Amino acid sequence: MKTLCILTAGKGSRLSNYSKLVNKALLPIKYGQTIIERMLHQLQNIGIEELIVVVGYKVKNTTKRIKELSGDFPNVNMRIVVNHQYESTGTLKSLLVGME
């Protein structure tokens with residue numbers, strides 16, 4: 001089974017003003033799609049069967065949107081996990097949380 005882990009837990013501090021109100025994964029980019037939507041379309045095209053999305057910053061809105069999107073990708077089993085310590089830990093901790 002092809003599995004992938006997407007890390008969206010951080011604040012996206014390098015995106016400064018853009019990510020103050022919304023998680024970086026929900027920022028709009030090409031064709032009116034958000035970053036996560038664009039990734040999901042690309043991942044579906046290469047046969048990813050399981051997707052683990054690690055959230056933390058703006059967890060409520062991010063989780064809600066990812067759950068909404070999961071219906072558009074019935075061939076991908078999506079699992080959302082939360083890194084509750086995203087503010088004090090780095091990317092490695094989010095990856096470890098995703099792999100648990």
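**Exercise 1.** Is cysteine 5 buried, partly exposed or exposed, and why?

*Solution.* The model is predicted: local features need pLDDT of at least 70, side-chain atom pairs count only at pLDDT 80 or more, and totals for chains, interfaces and linings use all residues. Residues are numbered from 1 along each chain as its sequence is written, and side-chain values use heavy atoms, leaving out hydrogens and water.

Step 1. Recall the classes: buried means under 20% relative accessible area, exposed means over 50%, and partly exposed lies in between (1.4 Å probe, protein chains only).

Step 2. Cysteine 5 has a relative accessible area of 24%, so this residue is partly exposed.

Step 3. Place the residue: cysteine 5 lies in strand 1, a strand being a DSSP run of E with at least two residues, whereas a helix is a run of H or I with at least four; both are numbered from the N terminus.

Step 4. Cysteine 5 and isoleucine 52 are 47 residues apart in sequence, yet their C-alpha atoms are 4.6 Å apart in space. Beyond four places in sequence, cysteine 5 is in contact (heavy atoms within 4.5 Å) with Ile52, Val54, Leu95 and Gly98.

**Exercise 2.** Describe the surroundings of the side chain of asparagine 23.

*Solution.* Step 1. Asparagine 23 belongs to the loop between strand 1 (3-7) and helix 1 (35-45). This residue counts as buried because its relative accessibility is 0%.

Step 2. A polar contact is a pair of N or O atoms within 3.5 Å; within protein, one must be able to donate a hydrogen and the other to accept it, and residues adjacent in sequence count only if both atoms are side-chain atoms. A polar atom of the asparagine 23 side chain lies 2.8 Å from the backbone oxygen of threonine 8. The side chain of asparagine 23 also makes a polar contact of 3.5 Å with the side chain of threonine 62.

Step 3. Turn to the partner: threonine 62 is in helix 2 (residues 59-70) and is buried, with a relative accessible area of 0%. A polar atom of the threonine 62 side chain lies 2.7 Å from the backbone oxygen of lysine 58.

**Exercise 3.** Which residues are joined into one network by salt bridges that share partners?

*Solution.* Step 1. A salt bridge requires a side-chain nitrogen of Lys or Arg within 4 Å of a carboxyl oxygen of Asp or Glu. The count by this rule is two.

Step 2. Arginine 65 pairs with glutamate 37, with the closest N and O atoms 3.2 Å apart. This pair links helix 2, which holds arginine 65, to helix 1, which holds glutamate 37, across 28 residues.

Step 3. Arginine 65 also forms a salt bridge with glutamate 68 (3.0 Å, N to O). Both of these residues lie in helix 2, three residues apart, about one turn of the helix.

Step 4. The network therefore consists of Glu37, Arg65 and Glu68.

**Exercise 4.** Identify the residues of the largest nonpolar core that touch the most other members.

*Solution.* Step 1. A nonpolar core is a set of buried Ala, Val, Leu, Ile, Met, Phe, Trp, Tyr and Cys residues joined through side-chain atoms within 4.5 Å.

Step 2. The largest core has 15 residues, of which Ile36, Leu40, Leu51 and Met78 touch the most other members. Helix 1, strand 2 (50-55) and helix 2 each supply at least two residues of this core.

Step 3. A second, separate core has seven residues, including Ala9, Tyr57, Tyr86 and Val97.
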